[in-house]
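Biologist: Hi! I'm new to this one, could you pull it up and walk me through it?
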Amino acid sequence: MRSAVCVVLSLGSVVACSAAAEPALLVGEIEVIHHETQPMVVDLCFELSEPDPDRAILVTAVDLDDPGVVSARLSPLDGDPECVRVRGLEPGVEHELELQLGDVERHGVSFTTLAPLPGYLDSFAVSSADASAASDDYRLFDLSVLFSDEPLGVFAVDNQGVTRWYLGGPPMSAGLPALWTGLSLRDNGEILLLRDDAALIVDELGIEQLRIEADTLGVPGFHHDILELPNGNFVALSFSFRDIDYGPEGVLPVAGDRIVEFTPAGELVWSWDSFDHLDTNRRVEDFWGTFVIVNPATGVEHHDWTHANGLVYEPSRDELLVSLRHQDWVLALDRESGQIRWRLGPEGDFSLSAGSWFWHQHSPQWQADGSLLLYDNGIGDPALPIEQARSRAVRYVLDTASMTATQAWEDDAAPFLSTVAGDADRTSDGTMLALDSLIAVDPLDPLAGAYMRIRELDPSASPMQVWSLTGPVGRFAYRAVPINRLVGAASDPR
C-alpha cells in the first residue's frame, strides 16, 4: 500500500496529485474519448508509471456533481493505455470528474459530453411513498409513439427517474416492426432485442454486434419477444399464415404464431407452429376485431387468432412457456418434441382453486419458489362488462400433479385498464415491478393523460406501491424490466 503525502497542484483543467515519497502513477495527460453513437459514455485513458499486471491499483472516476454516474476500469489490450469507462453521463453538458489512482492520487478532468441522440429525455416524473423501500435496480424500458415519425427509444433510468443510458432514433420501418421489443440485458452487458424484423444484439455504445434478419431464416418477420438459450441459440416469435375453412363463414385468412430457434450464425434449427397443436375453432372476440396481421408475402390481412406476446425458458425441464393473448392461455411446451404439456387459463388444463383467471395476459415469469408471475390485462372476459374490467399483476401457484392453480397474490392498485401492453417482474430486492401501458384518458382519473407508468410494489406493504414512474403523454411502452447493473456492465461471475 502506498503511504505518501498528497500535494494538489492546479494545471489548468487537470489537477495533479503527486506523492512526496514516490513518483506519481499518472504519466502525461488524461485523454477524454467520446463516442458519437453514445454520448452518455466517455472513456478516460492514461498511462501508469508502473505496470499493474494483476490490476491491484485502485482506478476509478467520480463525477463531482452527479453521484449517479458510475465508472469501471477497462481491461486493456497489449500495448493499449489504461482506460476507465464512465457511464450514465448527461449528454450535451459540461462535467467535472475526478480520476483516482491508488489510495491518494487524484486528478481532475473536465469535458463537455456530445449532444443527445434523437428522442432523448433526461428524466421522468417519479413519486415515492417511501424512497428507502424502492429498489436500487435500474429500470430498462422502451418508449414509443405508434405509427409516428417521432424517435423511438430504449431507456435505462435510476430510481430517481434520471436517464442513465439511452438508445434511440427515428423508426426505420412503418408500424409494429419499428418498435423495440423483447428487451433483455445479457450477462456481458449487451442488449438483446427485436426491431425491424431482425434479431439484434447491441452494445452499450449502440453498435450492433449481431443482426439476424427474419428473411434469412425464411420466416415472415419477428414480433414481441426473443430470448437466449443456455446453448447459445436464440428463440423468437414469428408468424404463421393459413387459410382455414370455417364452414358457413367460408374460408378465412388466419394468422397464428410460430416459435423459431436459430443459431448465432443464422441457421434455423427448430420451430413450433400453433396451427399444428391448437384448435383453430377456439376463437375469442378479438379474432373478429381490429387486430389484423398482414402477410408480408401477399399483403393480405389475416385474423389475429393466437397473438403470442411472451416467451420463457425453464432449463431444468427443457420447457418453453408461450403467452397467447388471443387464447387467454399460457402454454408449456416440451422443446424437444414440441408437444403441449399444459394450458394455463380459462378452459385450460388446470382447475382454479382460489382467485380468478387472467385475460389477455402478458409477461409470464417463473419465480424462485416455483410460482408464476404475470401481467393480467383483464380484458376479454366474456362474462365481465368492459366497464368492470381491470388490469393487475398477479401470481399463481401451480400443482401439476393435481392440475390445480391457486392465485397466491395480486396487486392492490386502484382500478385501471391497460389494454394492449404490460409487464410484471421481480426486482433484485424482492419487490415487484409492474408496467401499465396505454391507460385510457379519463378526466376523473388522476392518471389522466398518463399513457405509461411503471409501479414498484412491495407485496408485504399496504398499500403496496412504494415507487412509480410516469411517462410523457402520448407515449407507451411494451416492456419494462429491472436490471441490477447499467447497460455495458458485465454480471458478476460469482
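Biologist: Let's start with Arg-455: which residues is Arg-455 in contact with, leaving aside neighbours within four places in sequence?
Modeller: Sure. This is a predicted model, and in it Arg-455 touches Asp-411, Ala-413, Phe-416, Met-432, Leu-433, Ala-434, Asp-436, Gln-465, Trp-467 and Ser-468, once neighbours within four places in sequence are set aside.

Biologist: And is Arg-455 buried or exposed?
Modeller: Arg-455 is buried, because its relative accessible area is 0% and the cut-off for buried is under 20%. You'll find Arg-455 in strand E35, which covers residues 452–457.

Biologist: How far is Arg-455 from Val-394?
Modeller: In space they are 14 Å apart, C-alpha to C-alpha, and in sequence 61 residues apart.

Biologist: While we're by E35, where is Pro-463?
Modeller: Pro-463 sits in the loop between E35 and strand E36 (465–470). Have a look at the peptide bond leading into Pro-463 from Ser-462: that bond is cis, with omega near -5 degrees. As a rule, most peptide bonds are trans.

Biologist: Okay, zooming out. How many helices and strands does the chain have?
Modeller: There is one helix, alongside 37 strands.

Biologist: What about the overall dimensions of the C-alpha trace?
Modeller: Along the principal axes, the C-alpha trace spans about 90 × 50 × 45 Å. The radius of gyration is 25 Å, which agrees with the value near 23 Å for a compact globule of 494 residues.

Biologist: How much of the chain counts as buried?
Modeller: Of the 494 residues, 54% are buried. The chain's accessible surface is about 21200 Å², and carbon and sulfur atoms account for 52% of that.

Biologist: How many positive and negative side chains are there?
Modeller: The chain carries 30 positive and 78 negative side chains, and the centres of those two sets are 4 Å apart.

Biologist: New topic: how many disulfides are there?
Modeller: The count is one disulfide. The bond joins Cys-45 to Cys-83, with an S to S distance of 2.0 Å. Cys-45 belongs to strand E4 (residues 41–48) and Cys-83 to strand E7 (residues 82–87), so the pair ties together parts 38 residues apart in sequence.

Biologist: Is that disulfide right-handed or left-handed?
Modeller: The torsion about the S-S bond of Cys-45 and Cys-83 is about 105 degrees, so the disulfide is right-handed. Both Cys-45 and Cys-83 are buried, too.

Biologist: Now Ser-123. Where is Ser-123?
Modeller: Look in the loop between strand E9 (105–112) and strand E10 (125–127). Ser-123 is partly exposed, at a relative accessible area of 38%.

Biologist: Which residues does Ser-123 contact, beyond neighbours within four places in sequence?
Modeller: With those neighbours left aside, Ser-123 is in contact with Gly-161, Val-162 and Thr-163. Gly-161 is 38 residues from Ser-123 in sequence, yet their C-alpha atoms are 5.4 Å apart.

Biologist: Last thing: what is phi of Asp-196?
Modeller: Phi of Asp-196 is near 55 degrees, a positive value in a residue other than glycine. In general, most residues other than glycine have a negative phi. Asp-196 lies in the loop between strand E15 (191–195) and strand E16 (198–202), and counts as buried at 13% relative accessibility.

Biologist: And what about Glu-347, buried or exposed?
Modeller: Glu-347 is exposed, with a relative accessible area of 64%. Glu-347 also has a positive phi, about 65 degrees, although it is not a glycine. The loop between strand E27 (340–344) and strand E28 (351–354) is where Glu-347 lies.

Notes
Residues are numbered from 1 along each chain as its sequence is written. This is a predicted model: local features need pLDDT of at least 70, side-chain atom pairs count only at pLDDT 80 or more; totals for chains, interfaces and linings use all residues. Side-chain values use heavy atoms; hydrogens and water are left out. Helices (H or I, at least four residues) and strands (E, at least two) are DSSP runs, numbered from the N terminus. The radius of gyration is taken over C-alpha atoms; the globule rule is 2.2 Å times the number of residues to the power 0.38. Buried means under 20% relative accessible area, exposed over 50%, partly exposed in between (1.4 Å probe, protein chains only). Accessible areas come from the Shrake-Rupley method with a 1.4 Å probe; for residues, only the protein chains shown count as cover. Lys and Arg count as positive and Asp and Glu as negative; His and the chain ends are not counted. The place of a charge is taken as NZ of Lys, CZ of Arg, CG of Asp or CD of Glu. A disulfide is a pair of cysteine sulfur atoms within 2.5 Å. Contact means heavy atoms within 4.5 Å.
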